[in-house]
Amino acid sequence: MRHVYLHVPFCQRRCSYCDFAIAVRRRVPARDYVEAIGRELALVRIAGGAAGAPEPGVGPLETLYLGGGTPSLLPPEALTALVEAVRSGADSAPPGDLELTLEANPDDVTVEHATAWRRAGVNRVSLGAQSFDDRVLQWMHRTHDAARIGQAVAALRAAGIENLSLDLIFALPAELERDWTRDLEHALALAPLHLSLYGLTVEERTPLARWISRGRTAAPNDERYAAEYLLAHERLGREGYQFYEVSNATRPGGRSRHNAVYWSGRPYLGLGPAAHSFDGRARRWNTPAWETYRGALALGRSPVASEEVLTEAERELERVYLALRTDAGLVVGPGTRQRASVARWVAAGWARERGDRVVLSPEGWLRLDALVGDLTGAPGTS
């Protein structure tokens with residue numbers, strides 16, 4: 001395994017739209033967490049070396065992604081220990097080849113912290129900005145204000161971390177009167193190398209879902225979603241950004257190598273509560289609750305909650321779906337029944353042909369599930 005995701009579940013509060021596996025804690029149990037990850041790594045190596053096979057470790061390590069939750073809540077010494085534990089369990093790789101990404105909240109970023117992260121090997125930071133409107137940030141239950149975003153970017157650059165990505169959420173309820181154009185302009189003024197744009201979705205058992213059920217706010221609007229998504233393509237394109245995946249845009253040199261692993265169907269290892277792993281054939285996922293995860297490992301038990309072995313049909317559906325999410329597109333050979341569908345998409349402006357590949361346009365990405373169903377005969381995907 002050359003690609004590792006590390007789920008750090010701890011947050012100071014739950015955002016209004018969040019259904020991730022998190023543990024809200026006033027005090028982060030950093031030592032317990034580092035010990036639990038160390039135990040899981042040991043189990044991974046033992047399992048990998050079963051039946052007389054050599055222990056494979058998890059490398060040579062090419063990408064390591066610390067997501068959450070809020071990994072930036074970890075004390076720098078705990079983050080350093082985690083990185084060292086993963087790297088020591090992996091095969092050696094040439095220095096400088098590792099892409100090490102840290103998800104961070106703006107209010108956790110100081111020059112001191114960022115300098116410590118860089119010393120630990122962090123060379124890419126994904127900053128959860130979400131909006132530059134203080135009213136919107138309060139509605140989202142974010143812990144930072146708009147001014148803090150620019151301060152965090154300046155601190156990261158002062159520490160020598162230039163590979164920065166900003167997260168923004170669009171298609172918010174109309175009653176918030178969020179100005180999406182203004183938010184895009186504020187983001188562009190900070191000149192990040194990379195931007196990730198996510199349309200608001202309503203997940204069960206979130207504060208947002210409860211607000212909608214009680215009539216306190218409106219559900220996301222499909223027309224607003226499409227209009228703001230297309231506006232982002234147009235505005236970012238004028239500034240030299242290219243959307244290389246449905247939700248991700250970059251200037252040259254800023255593509256996320258780790259996320260590309262997921263989109264290309266390559267194997268990866270997940271560590272931590274709720275983390276998923278994939279070996280090319282089967283997908284496994286850990287128990288989501290932090291205390292249950294920690295308790296299992298303290299007893300020497302595997303934290304894996306379940307496993308799904310993909311059928312050939314499921315793997316093919318995923319291959320088509322993931323390929324069409326990216327600017328690499330999908331190979332569609334001549335003379336196949338899929339060619340008629342492709343011709344219709346091209347005529348409608350939803351796709352273009354590039355050699356033997358079909359690549360979706362922004363309008364096509366808005367119809368991704370329907371187009372995948374058209375190609376595969378499946379009723380839809382997610």
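## Ser256, tucked into a loop

The side chain of Ser256 reaches over to the backbone nitrogen of Asn259, at 3.1 Å. This comes from a predicted model, so read every distance here as a property of that model. Ser256 sits in the loop that runs between strand S10 (248–250) and helix H9 (257–263). Is Ser256 buried or exposed? Ser256 counts as buried, because its relative accessible area is 0%.

Who else does Ser256 meet? If you skip its neighbours within four places in sequence, Ser256 is in contact with Glu99, Arg124, His194 and Tyr244.

## The chain as a whole

Stepping back, the protein chain carries 14 helices and 17 strands. Along its principal axes, the C-alpha trace spans about 55 × 50 × 45 Å. A compact globule with 382 residues would have a radius of gyration near 21 Å, and the protein chain has 21 Å, so the two agree.

Of those 382 residues, 49% count as buried. Take the contacts in the protein chain with a separation of 6 or more: residues 24 or more positions apart account for 69% of them.

## Nonpolar cores

The largest nonpolar core is made of 85 residues. Leu6, Tyr33, Leu64, Trp117, Leu197, Leu236 and Leu324 are the ones with the most contacts inside that core. Which helix gives the most to this core? That would be helix H5 (residues 146–158), with six residues. Another core, of 14 residues, lies apart from it, and Tyr17, Val136, Ile169 and Trp211 are among its members.

Leu197 is a good one to click on. Not counting residues up to four places away in sequence, Leu197 touches Leu168, Phe170, Trp180, Ala232, Leu236, Phe243 and Ser247. One of those partners, Leu236, is also on the list of residues with the most contacts inside the largest core.

## Salt bridges around helix H8

The structure holds 22 salt bridges. One of them joins the side chains of Arg238 and Glu234, at 2.5 Å from N to O. Why are these two about one helical turn apart? Arg238 and Glu234 are four residues apart in helix H8 (residues 222–238), so about one helical turn separates them. Arg238 counts as exposed because its relative accessibility is 56%, whereas Glu234, at 39%, counts as partly exposed.

Another pair is Arg235 and Glu239, whose side chains meet in a salt bridge at 3.0 Å, N to O. Arg235 is down at 12% relative accessibility, so Arg235 counts as buried. Its partner Glu239 is partly exposed, with a relative accessible area of 31%.

## Helix H11 and one more network

Helix H11 has 14 residues and reaches 20 Å from its first C-alpha to its last, close to the 20 Å expected at 1.5 Å a residue. Within H11, the side chains of Glu316 and Arg319 form a salt bridge of 2.8 Å, N to O. Glu316 and Arg319 are three residues apart in this helix (residues 312–325), so they too are separated by about one helical turn. Both ends of that bridge are partly exposed: Glu316 has a relative accessible area of 35%, and Arg319 has 42%.

Further along H11, the buried residues are Val320, Tyr321, Leu322, Ala323, Leu324 and Arg325. Leu324 turned up earlier, among the residues with the most contacts inside the largest nonpolar core. Elsewhere in the structure, Arg25, Glu291 and Arg294 are linked in a network of salt bridges.

## Arg284 on strand S13

Last stop: Arg284, which is found in strand S13 (residues 282–286). With a relative accessible area of 23%, Arg284 is partly exposed. Which residue shares a side-chain polar contact of 3.2 Å with Arg284? It's Glu307.

Glu307 also shows up in the wider set of neighbours. Leaving aside residues within four places in sequence, Arg284 is in contact with Ala275, His276, Ser277, Asp279, Val304, Ser306 and Glu307. For a sense of scale, try Glu185, which is 99 residues from Arg284 along the chain: the C-alpha atoms of the two are separated by 41 Å.

Conventions
Residues numbered from 1 in each chain as written. Predicted model: local features only at pLDDT ≥ 70, side-chain atom pairs only at ≥ 80, totals over all residues. Heavy atoms only, no water. Buried < 20%, exposed > 50% of the residue type's maximum accessible area, 1.4 Å probe, protein only. Contact = heavy atoms within 4.5 Å. Polar contact = N/O pair within 3.5 Å; in protein donor to acceptor, adjacent residues only side chain to side chain. Salt bridge = Lys/Arg side-chain N within 4 Å of Asp/Glu carboxyl O. Expected span 1.5 Å × (residues − 1). Core = buried A, V, L, I, M, F, W, Y, C linked by side-chain atoms within 4.5 Å. Rg over C-alpha atoms; globule rule 2.2 N^0.38 Å.
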